[in-house]
Amino acid sequence: MDIHEYQAKEILAGYGVPVPRGGLAYSPEQAAYRAREIGGNKWVVKAQVHTGGRGKAGGVKLCGNEHEVYDAADEMFGKRLVTHQSGPEGKIVYRVYVEGAVHILKEIYLGFVLDRKTERVMVVASAAGGMEIEDIAADKPDTLIRSVVEPAVGMQAFQAREIAFGLGIPGEHVQKAVSLIMGCYKALESLDANMVEINPLVITEEGVIALDAKMTFDDNALFRHPSIAELRDKSQEDSRETRAADRGLSYVGLTGNIGCIVNGAGLAMATMDMIKLAGGEPANFLDIGGGATPDRVAKAFRLVMSDDNVQAILVNIFAGINRCDWVAEGIVQALEKNPVHVPLVVRLAGTHVEEGRRILARSGLPIIRANTLAEAAERAVQAWKNDVNLKQPKAVA
Ligand code: ADP
Ligand code: MG
């Protein structure tokens with residue numbers, strides 16, 4: 001789960017990480033009021049959306065008086081902010097954060113991630129801040145510092161000092177940087193975060209301060225942290241995925257055109273692999289779960305068909321707890337209510353498979369049947385190709 005910058009800053013501040021004074025606003029009036037509350041004579045208005053790269057997309061504005069703060073906020077509210085990280089749909093701005101502007105001497109990158117290779121938390125840092133980590137890795141790989149945390153002992157002060165020295169933090173600020181680094185690690189560890197990113201961490205006359213903050217959390221551990229789970233902002237999530245989750249389905253939208261309806265996450269992954277192997281691209285990952293009722297199958301169909309890119313559907317059910325006859329009934333119900341105009345391939349195996357196949361045959365629906373997973377994937381890709389060729393206008397000779 002992702003959270004907003006202002007939420008991450010509030011959490012990290014609780015672990016001793018210095019952040020600028022700021023306040024949240026839901027209206028331009030409130031933004032101007034926040035600026036007055038914060039004091040000083042320069043502020044930054046920042047769109048709160050679940051994506052990075054806001055600065056370059058007009059989501060971070062420096063302001064010299066309250067009117068400018070009002071106008072900057074007014075401009076941002078309701079806007080669909082499209083950044084190079086947000087995808088083409090962008091994210092709509094419903095909240096802005098107003099912050100005292102900081103005089104920056106130097107920008108630094110600091111990230112904490114889970115490194116799969118070492119199975120440890122790894123600190124990634126670079127003195128070439130103010131750019132995305134991908135660009136640093138591509139353009140200035142020699143500036144990258146990597147430091148792996150030993151889980152038995154956690155982040156050690158000497159290790160944080162090494163990172164601070166490696167980043168060229170001035171001697172008088174090293175101790176502050178060390179406590180900032182240790183604070184970030186402590187937050188990540190105690191709250192089951194997957195990632196903490198401070199980009200930029202800046203050096204000022206007075207010390208070090210986190211100007212941006214990003215945290216993501218392990219969904220499977222959220223039950224241990226109700227106060228974190230409360231920070232979820234559904235307005236920032238893929239509405240298809242949220243809708244699916246609310247209906248007991250696990251859905252991840254992808255960019256291909258073969259829609260998948262599968263029971264079990266492992267089988268769903270295997271089905272996607274087989275589609276690729278057969279020369280197609282899956283439009284989604286969808287796990288309808290065990291014990292799927294006809295109603296849930298019908299919902300799954302509606303969800304998959306709501307994606308305009310879908311040009312063929314593959315249903316792959318290996319029923320253990322599930323029942324093929326229920327799934328078949330769900331398919332028939334869904335198609336009777338909302339007929340699909342793309343090829344549909346169905347592979348059923350397992351509990352009550354004979355009855356399931358009978359239901360499909362009796363329905364008279366134009367379903368392409370398959371017996372094995374490989375066959376199903378090949379038929380889906382073949383049917384999709386034929387169908388697209390058929391629908392394409394023929395070139396005039
Ligand atoms: P994003 O990463 O989404 O572009 P940031 O919060 O990193 O958003 O802001 C982009 C840039 O704006 C920063 O690199 C920094 O230069 C500047 N900035 C952000 N917050 C402040 C602040 N409080 N004071 C001064 N400059 C800021
Ligand atoms: Mg940033």
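**Aspartate 212, asparagine 199 and the domain interface**

In this predicted model, aspartate 212 is in contact with Glu5, Lys9, Lys46, Arg54, Glu197, Ile198, Asn199 and Pro200, leaving aside its neighbours within four places in sequence. Aspartate 212 is found in the loop that joins β11 (208–210) to β12 (214–217). Its relative accessibility is 21%, so aspartate 212 counts as partly exposed. With the side chain of arginine 54, the side chain of aspartate 212 makes a polar contact of 3.2 Å.

Aspartate 212 and asparagine 199 are both listed by UniProt, in an unreviewed entry, under "binding site". Asparagine 199 has its place in strand β10 (residues 193–203). This residue counts as buried, because its relative accessibility is 10% and the cut-off for buried is under 20%. Beyond residues up to four places away in sequence, asparagine 199 touches Ile108, Tyr109, Gly130, Met131, Glu132 and Asp212. A polar atom of the asparagine 199 side chain lies 3.0 Å from the backbone oxygen of methionine 131.

The wider setting is the division of the chain into domain 1 (1–20 + 104–237), domain 2 (21–101) and domain 3 (238–386). The centres of domain 1 and domain 2, taken over C-alpha atoms, are separated by 22 Å. Between them these two domains bury about 1,500 Å², with 39% of that area on carbon and sulfur atoms. On the domain 1 side, Tyr6, Pro20 and Gln236 lose the most area to domain 2, together 44% of what that side buries. Contacts link 15 residues of domain 1 with 18 residues of domain 2. Across this interface there are 5 salt bridges, and 13 residue pairs are in polar contact. Lysine 9 and glutamate 99 meet through their side chains in a salt bridge (2.4 Å, N to O).

Note on methods:
Residues numbered from 1 in each chain as written. Chains lettered and ligands numbered in written order. Predicted model: local features only at pLDDT ≥ 70, side-chain atom pairs only at ≥ 80, totals over all residues. Heavy atoms only, no water. UniProt positions renumbered as here; feature names shortened; annotations may be inferred. Helix = DSSP H or I, 4+ residues; strand = E, 2+ residues; numbered from the N terminus. Buried < 20%, exposed > 50% of the residue type's maximum accessible area, 1.4 Å probe, protein only. Contact = heavy atoms within 4.5 Å. Polar contact = N/O pair within 3.5 Å; in protein donor to acceptor, adjacent residues only side chain to side chain. Domains from an automatic or database assignment. Buried area = accessible area lost by both parts, 1.4 Å probe. Salt bridge = Lys/Arg side-chain N within 4 Å of Asp/Glu carboxyl O.
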